[in-house]
Amino acid sequence: MRPLDPRLLRHARAARGYVALTAALGVLTAAMVVAQALLLAHALGAAVSDGAQLDVLAPTIGWLAAVVAVRTLVTAVQERFAHRAATRTVAELREQVVAHAVALGPRWLASGEGPSVVTLATRGLDALEPYFVRYLPQLVLAATVTPAVLLVVLGLDWISAAILVVVLPLVPIFMVLVGRLTQGRSEQGLASMQRLGAQVLDLLAGLPTLRAHGRERGPGARVRTLGDAHRQATMGTLRIAFLSGMVLELLTTLSVALVAVAIGLRLVEGRLDLVTGIAVLVLAPEVFLPLRQVGVQFHAAADGVAAAGRAFEVLETPVPAAGTRTAPDLRTATLRLDGVAVRTSGGSTPHGLDLMVRPGTVVALTGPSGVGKTTALEIALGLLRPDDGRVSIDGVDLADLDTATVWAQVSWLPQRPVLEPGTMAELVGGDDESRTTAAALTGLDDVLATLPDGWATPLGRGGAGLSLGQRQRVALTRTLLQRTPLVVLDEPTAHLDAAGEQVVLDTVRALRDAGRTVLLVAHRPSLVAVADDVVLVRSDAQVLA
Amino acid sequence: MTRGTLRRAVRLLDLDPRRFALALLLGTLALGCAVALAAVSAWLIARASQMPPVLQLSVATVAVRAFGIGRGVLRYLERLVSHDVALRGMTELRTTLYERLAAARPETLLRLRRGDLLARVGADVDTVGDVVVRGLLPAGVAVALGAGTVLAMCAFWPPAGLALGGCLVLAGVVAPAIAARAARTTEQRALQSRADMTATALGLLDDAGPLLVGGRASAELDALRDSDRRLAAATDAGAGSAAIAAGLGQLSVGVAMLAALLTGVPAVGAGLLSPVELAVVVLTPLAAFEATSLLPAAAIQVQRSRAAAGRVLALLDAPTDPPATDDAPGQPPLVATDLACGWPGTPPVLTDLSLDLRRGRSVAIVGPSGTGKTTTLLTLAGLLPRQTGTLTLDGHDVDHLDRHAVAAAVVVGTEDAHVFGTTVLENLRVARGELTATEATDVLARVGLADWLVGLPDGLDTVVGPDARTVSGGERRRLLVARALVSPAPLLLVDEPAEHLDPERADALVTDLLNDPRGVVVVVTHRLSPLAAADEVLLLGAGRVRARGTHAELLRTVPDYRDAWARERGSD
């Protein structure tokens, strides 16, 4: 993993100031660590060897107290801004990732890495918090305190500095070496560990099903066996994973011990004075402390860095260039698809689709499930670019048009209607009279009759509080009132009974009577019968559900 | 949540006291090596500066090296032992949880499944277990090490020892308490904005297309930005206390060192303390705070674990199934009289249901979507308590029978049943353990999955993903129907088997089910054509049975039914 990804600074403004602050505090900390060691050595050395008393030592101890105060302050300031920077950076990245993913469109979101973006945006990026709060400051200290202290030790006593300099490079070398040696085994262990863990959860999640079949008693023993296997797999991994930590601790503690012994032996021979000895003894562990902390925080931070890396991948996925021309008026313009195909792993779905949507007509797309009817709608709406073929409005390629000017003329009712929070009246729009007329047609008046406050009833996000069928009626009513020239309906009768189906048929007829164009996906023959044109969508993919 | 929550949960981990004590000992010795290293090196240097014969220093030089090695090795062993203890505890808790839930009332489980709580419980058990390694053990080590160091320092010079004790309390008790409170403040304040943020982000990503076309995407992005701003404000509210906690930790190290100097120097002058001992008293505290530095994080962990323990215990305390009082074997017929079906605590979705289901008899239930047909099936299978009315198997009240006797007689295949993350064959064997591969292939062909099976890389041994994310909706549904079919139970209740299928295949599957030699209840939302095969059709509406009879009778007497059927026929 890269300790500090430059892309982080490029994409997150909050991170820049924080890294600068952390660097400044790191330099200050280095100075304070050195000052504390030297002052302590002077005070203690004088007291031990010369029997100096408080009156002599008072100034030194005063300065020492000042250093302690500054270090306290530096630590507090670091912590104070670390949390803030972490939250802000996570927020900045989240907003960018979500905005970019939305711009990439629904097809990208539904395929490949799309679904993982949801986890990344809602939870994954939070792993950056330990990275910012714990790891980054230690990383900076490793770059400031470690070299500064080493230089001071070199100035004081070159032999101790030599011991430390010999050990210091061994730390990363051994960590990498142990890492290399154990990588294969620990990855294998990790995989089986996760698999066993998932199996236990799977049994718990399936408990209602096991009970329905009266078979819930046996797997209790299996939960224990799986748990034991999981523990053994985990311990196997940990035995290796902890090795690098042990090597690190051994090297650093042992080298400090060697420094102490070397100082002691030279003190006996009078080749070194006590003040220098104490200063070096206090400073020696400080050389390694930041490195050890970096090691301790590494795993927590690695998750955050990995999450950020995935965020950058999303952000670096190019969005197709948007068109700039204003769309023709869809009340008079014709939407055409010529030989349109979208390639998938199994073949093209749809395959070679020709479609002409003339103003004021009802056009139905039919075909078995999985041939790409919804995909065809997304292509017609400009949410997805076809791999082959061309989409145009009155001869102008859809890719050259500013999609916002197309969408302003379209109402789209997807399979699952999307409703923002608000009152029924706000959701549906229109004035009282037109609302009432439309509601009578779509059967929304029946739904309203059951609501406590009628039109003023507030609904939660996604229409919470209504059933799927009721939500569909709200969406249909809104579509009626929106007065956009083109209405796109994706399987409007799915999940509906006969009465619900009739409502949809009436609505489609009312839309046509109002001179509006309707493009719909129809599964049921009744809906197909309403259409002026019926287009069979084909796929050349082999396996169909 | 009470204070005893975590204690109860930790007791359920059933930690092995000897192993835990060993971990504690190893941890204390490991950090003790670090403190001893500091103390002995201080003594070594101070004594050496007095230029004694080298031999006098030899013990110290060896000890310093030994402590240097001991620390790393002991720490390694401690981490292994403590993780082992924690993992054993988690297995114990998971097993207990599974067994208690297996004995809980069925509706408790169904509720959990609906609320997605079961998916969270795994993470919660882990969080409870984490308290061992990240909470209890660091705290125990800090206490043991702190007490040991303070006592040792007191042996040299009591005032310095006491000052060290005070500072350790500051760093190990006060600072962690503040840190934990800061974390709690942040978490509580952030709760609502975090939920808003998640909902907005999810909405944007799930419905990107409709939001873009509807021109609402930018407004939703603004809403996301706004909830993130509130989240940041909540974090800022706790950051001040977190800063104070961190500062206190740093301050106490410095104060301990200053106190040792200020009290030790006059003591040397007064002859109460030797100069060499002064060096030890002043330099040792620097190492003693390593144990306390972990405690703020430990306090936060304890808090997290306590919250998780609360959720786990709520599951463990779920009411258990009352023991059976009637040991009759469950067998047909299943007779419901004036049954009211509904979730406990909510108004019934269906009242006055009477049904007689015996071997060879098939019943179809038809009605608009959202009229509680699944709830009805669960009630008929005895998995949900009925609100009123009677339900008997061969004349015996279902409530008094053993759960397994009921399950042996009636099996329900609901649409939200779990598909286990194992092979296709094992998933079918959930219903009947001794199912052979040939039987499995036959039943999959029967539900129209023969082609699907051929396309699978390993046939019946293909692993389907956890909860079948790798199969399509239609395939999943039919796999569940196949599982219901292989069950040895004489009575089957099947929920919407034909959803996601084209008309011909849907009709064939429903007809086949209705012709099954067992007693069968099939729920259907649309497609009335295959119902000629049913002995009786129940038409639901407005919370009751609107009409019942054979398909032909309903066509004759119920205009709605005839219209719907005619529409269906006309469009075929």
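So, how many helices and strands are there in chain A? Chain A has 18 helices and 13 strands. Before I go further, please keep in mind that this is a predicted model.

Let me stay with chain A for a minute. Its C-alpha trace spans about 110 × 55 × 50 Å along the principal axes. The radius of gyration comes out at 35 Å, where a compact globule of 545 residues would sit near 24 Å. Of those 545 residues, 48% are buried. And if you take the contacts in chain A with a separation of 6 or more, 81% of them are between residues 24 or more positions apart.

Okay, on to chain B. Here we have 20 helices and 10 strands. The C-alpha trace of chain B spans about 115 × 60 × 50 Å along its principal axes. Its radius of gyration is 35 Å, against a value near 25 Å for a compact globule of 572 residues. Buried residues account for 54% of the 572 in chain B. For contacts between residues at least 6 apart in sequence, 76% in chain B join residues at least 24 apart.

Now, how do the two chains meet? On the chain A side, 113 residues are in contact, and they touch 123 residues of chain B. Which helix gives the most to the side of chain A that touches chain B? That would be helix α9 of chain A, residues 219–268, with 24 residues. By class, this side of chain A splits into 65 nonpolar, 26 polar and 22 charged residues.

Let's zoom in on some helix pairs. As a reminder, two packed helices are described by the angle between their axes and the distance between the axes. I'll start inside chain B. Helix α6 of chain B covers residues 158–206, helix α8 of chain B covers residues 217–269, and the two pack with their axes 8 Å apart at an angle of about 175°. Anything over 145 degrees counts as roughly antiparallel, so that's what we call α6(B) and α8(B). The contact of α6(B) with α8(B) has 31 nonpolar residues, along with 13 polar and 7 charged ones.

While we're on α8, have a look at R230(B), which is found in that helix of chain B. Is R230(B) buried, exposed or partly exposed? It has 16 C-beta neighbours inside 10 Å, so R230(B) counts as partly exposed. You can also measure across to D196(B) on your screen: from R230(B) the C-alpha to C-alpha distance is 9.9 Å, with their positions 34 residues apart in sequence.

The other pair goes across the chains. Helix α3 of chain A, residues 54–104, has an axis that comes within 9 Å of the axis of α6(B), and the two cross at roughly 20°. Under 35 degrees is the cut-off for roughly parallel, so α3(A) and α6(B) get that label. The crossing of α3(A) past α6(B) is left-handed. Who makes the contact? From α3(A) we have R94(A), V98(A), A101(A) and V102(A), and from α6(B) we have A201(B), L204(B) and L205(B). By class, the contact of α3(A) with α6(B) has 6 nonpolar residues, 1 charged and no polar.

To put the pairs side by side: α6(B) runs roughly antiparallel to α8(B), and roughly parallel to α3(A). That's my tour, so over to you.

Notes. Residues numbered from 1 in each chain as written. Chains lettered and ligands numbered in written order. Predicted model: local features only at pLDDT ≥ 70, side-chain atom pairs only at ≥ 80, totals over all residues. Axes fitted to C-alpha atoms, helices over the stretch in contact; angles between N-to-C directions. Helix = DSSP H or I, 4+ residues; strand = E, 2+ residues; numbered from the N terminus. Parallel < 35°, antiparallel > 145°, perpendicular 65-115°, else oblique. Nonpolar A, V, L, I, M, F, W, Y, C, P; charged D, E, K, R; others polar. Left-handed = near helix turned anticlockwise from the far one by under 90°. Contact = placed C-beta atoms within 7 Å. Rg over C-alpha atoms; globule rule 2.2 N^0.38 Å. Buried ≥ 20, exposed ≤ 12 C-beta atoms within 10 Å, placed from the backbone.
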